[in-house]
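The following exercises are to be worked with the sequence and the coordinates side by side. Each begins with a task sentence and is followed by a solution in steps.

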Amino acid sequence: RTIFCLTQLNMGNNAEIEKSTIAAHLMGLLTEGSPLSWEETKALADHVRQHGVVQFINLYKRLRDRQGDVLKWGDEVRCFVEYILVKFDHEKKIARVSLRASEVLNVLQEKELKNPDGVKSLWRPEYGAYMVEGTPGKPYGGLLAHFNIVEANMKYRRDEVARLLAPDEAVMSLTSFPRLGCPDFTDPRTVPTPENGASRSLFFPDDAIYPGHPRFKTLTRNIRQRRGSKVAINLPIFKDKKTASPFVEDLKSLGDDGESGQAALLDHVYMDAMGFGMGCCCLQLTFQACNINEARTLYDQLTPLCPIMLALTAASPLHRGYVTDVDCRWNVISCSVDCRTREERGEIPLKHNKFRIPKSRYDSIDSYLSPQGDKYNDVPLIYDKTIYEQLRDADIDHLLAQHIAHLFIRDSVSLFSEKVHQDDEQDTDHFENIQSTNWQTMRFKPPPPNSPIGWRPSSASWCCLPGSFLSYQLNFLIPISKVDENMKRAQKRDALRQQVFYFRKDITTNVSPPAATSCCQATDCSDVYITMTVDEIINGKADEFPGLIPLINSYLSGMDVDADTHCTIQQYLKLIQRRASGDLQTTARWLRQFVHNHPDYRHDSVISEKINYDLLKQIHRIQAGEVPCPELLGAGIESKTQESIPAAVQKAEAMNGEYC
């Protein structure tokens, strides 16, 4: 019930659109068709870039002056939650991921196919053959009363899946399955194929990738082939009393030909497939802004909050059957889709590639988009200068032009034969091909063509924050380099209690560096920010910082809201406050404590089958409401969530219309 307030949020869209459009934009261009090989895709890389830029220019010219879109939001293109299907063997005390997602999804989608506008939920495939993705049937509106229907809809979605499962199966909102990649972690049993296939992983079978859409295996294969090797993910092992030191695994016994042995780091848990990142789950949220300028402001202002949310929602310390020394999956998923070549990673001089690229295509953003944020762009931005000039010649401003030109230093990693030749005046698939595979902490989304959807930012934040800082004109901006440093700190073990983060010290004013220069031009920005704990950022620091929750409460105090919605929002905010203070545990801390206290744990950093089984059983009991978990969720309080907003509010909304 509390995942809504405590999960990483990313953003999607929100407006009434046809089912075919939803399908095309939900997973980032989830297009049906015949996938091209990597060599074919590589040969068309410049074609995709050239036409993608033209498509963006045409779209921008049509829609840059669009105004007055109402505030709507939701999980992903309406607000999505990803779920893992788990199969329990109660006799053997084993829990595995259930590869029945395709079968379950076919049933879940039947109601939508019959009546697209009359369903309470929409269902889509995800990367894993054990994953499903659910969104509300309609986006949430701009009234506070809409906050009170989110939890009810999430519960409805979970129950909808649960009704289709066997008695020994469960649907779980689990960030990462603790034994993903261990022997026999799937049901039915599958085996890795390191000598062939899409991933060629030692641990993650291709059969664990969703089979119903070619996009997923195509991405897996093309990322590996473009990189010139398997992806390499290395997480530091948590060194317990009896953990092997040095910690080294025998990869040859698993079929390693030497590549993995070279990539695996000493004292690290090594993973070698896209599935270890994209096979994790999250919750994503999207806001529709009133116009392009507001979308750019939201994009910038939410950026410094991303690492704070990452620390606050830490939930994944367990990977590939080991306890690691990190609490978040961010670097896992970043490395899992890192298609940069050795030249682009800076390991050897540039010869065949054009750019030295500092980050994976899944990482934190590199530049702000609003004029106010430009002063804090202190990280040198790598971008295609030819594309930049083309955009500037089309009357696109410097900040947006360099942003698009930065995205377009990447190659397409998935292309379908049916989508090679397009009408650049009407289509945007080539633009989205690049845009949607730049997975970053924030995403700036233009309106889709011929759609009522507006300009949208994607973010890691709470959905009441945008209203607060737009109303109060709050300013969270700090140098991009400090945001990057915060992202690194946020992933560390127990970062919530142990780390301090750079944060703007006066968010109620617009005091900035001198207008003539930016931070990266030697302007001293150090008087703009201070370091604070998550507790101080969320709850406040005496005489120095007001705290985000007190500001939200001040904003809410001036709003007219029904009693049930007020009660629900206050429950969420109090839970966040207690989490930030350390009074309540993060999910990561709770998971570590469960493993540490399990009678079968040998203090060797290993998660056995029995520990995994007992852990998932306990999580399932908690999510089903069968047992309390006060150390994680606080004392049980009856929820006031409802499936619809009050009739009086509906009437007022119908009479007055929604507002921006």
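**Exercise 1. Locate serine 605 and describe its backbone and its burial.**

Solution. Begin with the place in the chain: serine 605 is in the loop between helix 24 and helix 25, where helices (H or I, at least four residues) and strands (E, at least two) are DSSP runs numbered from the N terminus. Next take the backbone: phi of serine 605 is near 70°, a positive value in a residue other than glycine. Finally, serine 605 has a relative accessible area of 0% and is therefore buried, a class that means under 20% relative accessible area, with exposed over 50% and partly exposed in between (1.4 Å probe, protein chains only).

The model is a predicted one, in which local features need pLDDT of at least 70 and side-chain atom pairs count only at pLDDT 80 or more, while totals for chains, interfaces and linings use all residues. Residues are numbered from 1 along each chain as its sequence is written, and side-chain values use heavy atoms, with hydrogens and water left out.

**Exercise 2. Characterise the packing of helix 24 (residues 587-597) against helix 25 (residues 609-623).**

Solution. First the geometry: the two helices pack at an angle of about 135°, with their axes 10 Å apart; here axes are lines fitted to C-alpha atoms, for helices over the stretch in contact, and angles run from 0 to 180 degrees between N-to-C directions. Helix 24 and helix 25 are therefore oblique to each other, given that angles under 35 degrees count as roughly parallel, over 145 as roughly antiparallel, 65 to 115 as roughly perpendicular and the rest as oblique. The crossing of helix 24 with helix 25 is right-handed, the near helix being turned clockwise from the far one by less than a right angle, whereas anticlockwise would be left-handed.

Then list the partners: Trp590, Leu591, Phe594 and Val595 in helix 24 meet Ile611, Asp614, Leu615, Gln618, Ile619 and Ile622 in helix 25, contact meaning heavy atoms within 4.5 Å. Sorted by class, this contact has 8 nonpolar, 1 polar and 1 charged residues, where Ala, Val, Leu, Ile, Met, Phe, Trp, Tyr, Cys and Pro count as nonpolar, Asp, Glu, Lys and Arg as charged, and the others, Gly among them, as polar.

**Exercise 3. Carry out the analysis for helix 4 (residues 45-63) and helix 15 (residues 385-393).**

Solution. The axes of helix 4 and helix 15 are 10 Å apart and the packing angle is about 25°, so the two helices are roughly parallel to each other. Their crossing is right-handed. Helix 4 contributes Arg49, Val53, Val54, Phe56 and Ile57, and helix 15 contributes Ile387, Gln390 and Leu391. These residues divide into 6 nonpolar, 1 polar and 1 charged.

**Exercise 4. Follow asparagine 58 of helix 4 to its partners in sequence and in space.**

Solution. Asparagine 58 belongs to helix 4 and, at 14% relative accessibility, counts as buried. Leaving aside residues up to four places away in sequence, asparagine 58 touches Asp424 and Glu425. The C-alpha atoms of asparagine 58 and glutamine 426 are 8.4 Å apart, although these residues are 368 apart in sequence.

**Exercise 5. Which backbone features mark proline 188, proline 246 and aspartate 395?**

Solution. Take the prolines in order: the peptide bond from aspartate 187 to proline 188 is cis, with omega near 0°, and proline 188 is in the loop between strand 6 (186-187) and helix 8 (214-227). Another cis peptide bond joins serine 245 and proline 246, with omega about 0°, and proline 246 is in the loop between strand 7 (233-236) and helix 9 (259-263). Aspartate 395, a residue other than glycine, has a positive phi, near 70°; aspartate 395 is in the loop between helix 15 and helix 16 (398-407) and is exposed, with a relative accessible area of 55%.

**Exercise 6. Identify the buried residues of helix 19 (residues 480-490) and the elements that they pack against.**

Solution. The buried residues of helix 19 are Ile480, Val483, Asp484, Asn486, Met487, Arg489 and Ala490. They pack against helix 12 (306-312), helix 13, helix 20 (495-498) and strand 16 (501-504).

**Exercise 7. Summarise the protein as a whole.**

Solution. The protein has 27 helices and 17 strands, and buried residues make up 60% of its 660 residues. Among contacts between residues at least 6 apart in sequence, 78% join residues at least 24 apart.
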